[in-house]
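Colleague: I would like to see how the labels on this model are earned. Can we go through them one by one?

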Amino acid sequence: MSNALQRDLVRLVSRIEREDGPRATADPYRQRFHLMPPVGWMNDPNGLCRCGEWYHVFYQYGPFDPAGGVKMWGHYRSRDLLHWEQLPPMLYPDQPWDIHGVYSGSALVEDGTMYLYYTGNVKHAGNYDYITAGRGHNTVLAVSRDGVTAESNELLLENKDYPADLTCHVRDPKVWAQDGTYYMVLGARTKDNRGELLVYESADKRSWQHINTLTTPEKFGYMWECPDLFELDGQWFLVCSPQGVTRQGNKYQNVYSCGYFPLYGDFRGDYTLGEFRELDCGFDFYAPQSFVDGGRRLQFGWMGMPDADYANPTVANGWQHCLTVPCEIKRDGERMLRVPAHEISVLHGEHIPTERAQVFDMVCRTEAVGRLVIRGAAVVEWDGQQLSLTLVQGGAGRTVRYADVGAVKSLRVLADTSSLEIFINGGEQVMTTRYYPDPASCGVQMEGAQAEIWAMGALQIQ
Ligand code: FRU
């Protein structure tokens with residue numbers, strides 16, 4: 001199933017990757033153990049799944065423009081989350097219903113076949129606000145049996161099929177099978193600017209009925225992007241990335257937020273949403289997606305933030321953004337804990353002294369008050385009330401972020417060339433950020449902490 005536009009895009013993507021790849025690869029801020037775009041731009045993880053022996057990670061990919069550009073689904077696969085194969089994009093913007101972008105979505109795997117649900121973005125030329133008019137957000141299904149190419153592409157739902165009180169913004173289908181039925185959630189913005197989530201049901205994966213709408217009694221932002229809805233150890237959680245939530249103290253410090261509500265009752269009928277908690281309080285975490293892998297649920301997030309006023313100097317070398325490490329998410333009462341998947345520890349090299357730490361995994365036991373200074377660039381301080389992360393150098397516009405944590409008992413810091421993922425108290429809270437220290441800098445100074453530090457190896461990407 002290809003057309004002339006797709007054939008040209010295939011050639012153009014491979015050409016730009018060949019031509020611009022070496023410049024991206026030579027960037028001193030290129031990451032070692034995080035997935036990045038080969039060239040150009042990356043945002044949300046998409047279509048995460050395990051299909052047979054392969055893990056598949058798709059992502060919003062803009063190969064032609066490190067500042068964004070038209071989106072397609074870039075593709076990596078791996079058997080072990082450590083050795084990755086870079087494949088050609090699975091989905092290109094080559095149909096009338098996705099011509100201005102193959103936007104975010106998810107994968108349903110059945111009998112070795114991948115059903116990829118995504119949002120086809122269409123922007124009509126004209127004098128539109130692109131909120132209430134001028135934009136098509138279509139729900140599309142592509143099917144792949146070989147896990148490498150899509151053999152069909154079908155338009156399932158368009159704006160006129162969604163509830164009448166919505167703007168054009170209805171996107172990011174997350175689909176799963178349960179009790180012999182298929183369910184889909186879509187993020188939406190109503191005409192009176194409230195964020196909500198639509199629940200759909202299907203018996204055949206193609207024809208979908210709207211059966212419920214999930215939202216809060218009080219307005220919570222104007223749009224909920226990238227929904228995820230799942231049960232974890234007996235508790236349902238609704239994850240989404242709300243836009244338009246204003247800062248309150250140390251909550252919602254970024255331009256857009258990302259977190260979860262515990263959901264009580266039944267998402268198909270009567271339900272209530274509990275208190276919203278942020279999944280991360282660093283600068284760069286958005287649009288996470290999870291999938292089931294045997295007995296565990298893994299989640300990748302986008303290590304970036306749309307419309308933020310801070311920058312990434314990698315743009316000068318033709319690429320921008322990366323994903324987080326895969327994390328396992330676990331239930332702790334009504335909360336979710338997030339910890340790096342155990343595979344990450346396979347990348348441990350030798351134990352290193354603090355003064356040599358540059359790209360590392362560090363596990364600290366902490367005292368009530370303490371401080372870490374990482375590569376002279378990032379300062380982490382805690383005092384029994386809150387933990388702060390201050391970028392004193394190389395923040396590229398990033399300043400300080402806070403976490404209300406109370407007592408800090410343990411910290412784990414995953415430091416890559418240009419990122420930090422700080423897991424507080426076994427993943428009760430996480431702070432994720434990009435940073436751009438002097439490439440030659442190394443060392444961690446610490447007070448109030450005893451640490452074990454390993455040098456980290458790199459992912460193998462072919
Ligand atoms: C979230 C998002 C999604 C959309 C995609 C487009 O970052 O805005 O809602 O599908 O990115 O790239």
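What follows is a short exchange about the ligand site and one aromatic pair.

Modeller: Keep in mind that this is a predicted model.

Colleague: What makes Asp44 a polar contact of the ligand?

Modeller: The distance. A polar side-chain atom of Asp44 lies 2.8 Å from a ligand oxygen. The cut-off is 3.5 Å, so the pair counts. Asp172 also passes, with a polar side-chain atom 2.6 Å from an oxygen of the ligand. At Ser104 a polar backbone atom is involved, 3.1 Å from a ligand oxygen. The protein covers 91% of the 320 Å² of accessible area that the ligand has on its own.

Colleague: Which residues are around the ligand?

Modeller: Among them are Asn43, Gln60, Lys71, Arg171, Glu225, Cys226 and Tyr286. The shell divides into three nonpolar, three polar and five charged residues. Tyr and Cys count as nonpolar here.

Colleague: Which strands each supply at least two residues of that shell?

Modeller: Strand 1 (40–51), strand 5 (102–110), strand 9 (166–178) and strand 13 (223–232). The space the ligand takes is the largest pocket.

Colleague: Why is the pair of Tyr55 and Phe291 called edge-to-face?

Modeller: First, the search of the whole structure finds 23 aromatic pairs. In this one, the centres of Tyr55 and Phe291 are 6.2 Å apart, with 75 degrees between the planes. Centres within 6.5 Å make a pair, and planes over 60 degrees apart count as edge-to-face, so both tests are met.

Colleague: Where in the chain do the two rings sit?

Modeller: Tyr55 is in strand 2 (residues 54–62) and Phe291 in strand 18 (residues 286–293). They are 236 residues apart, so the pair links distant parts of the chain.

Methods. Residues are numbered from 1 along each chain as its sequence is written. This is a predicted model: local features need pLDDT of at least 70, side-chain atom pairs count only at pLDDT 80 or more; totals for chains, interfaces and linings use all residues. Side-chain values use heavy atoms; hydrogens and water are left out. A residue is near a molecule or strand if one of its heavy atoms lies within 4 Å of it. A polar contact is a pair of N or O atoms within 3.5 Å; within protein, one must be able to donate a hydrogen and the other to accept it, and residues adjacent in sequence count only if both atoms are side-chain atoms. Accessible areas come from the Shrake-Rupley method with a 1.4 Å probe; for residues, only the protein chains shown count as cover. On a 1 Å grid over the protein atoms alone, a cavity is a set of points where a 1.4 Å probe fits but cannot get out, and a pocket is an open set with protein on both sides within 12 Å along at least five of seven lines; lining residues have an atom within 4 Å of a point. A molecule sits in a cavity or pocket if more than half of its atoms lie within 2 Å of its grid points. Helices (H or I, at least four residues) and strands (E, at least two) are DSSP runs, numbered from the N terminus. Rings of Phe, Tyr and Trp (its six-membered ring) pair if their centres lie within 6.5 Å; planes under 30 degrees apart count as stacked, over 60 as edge-to-face and the rest as tilted.
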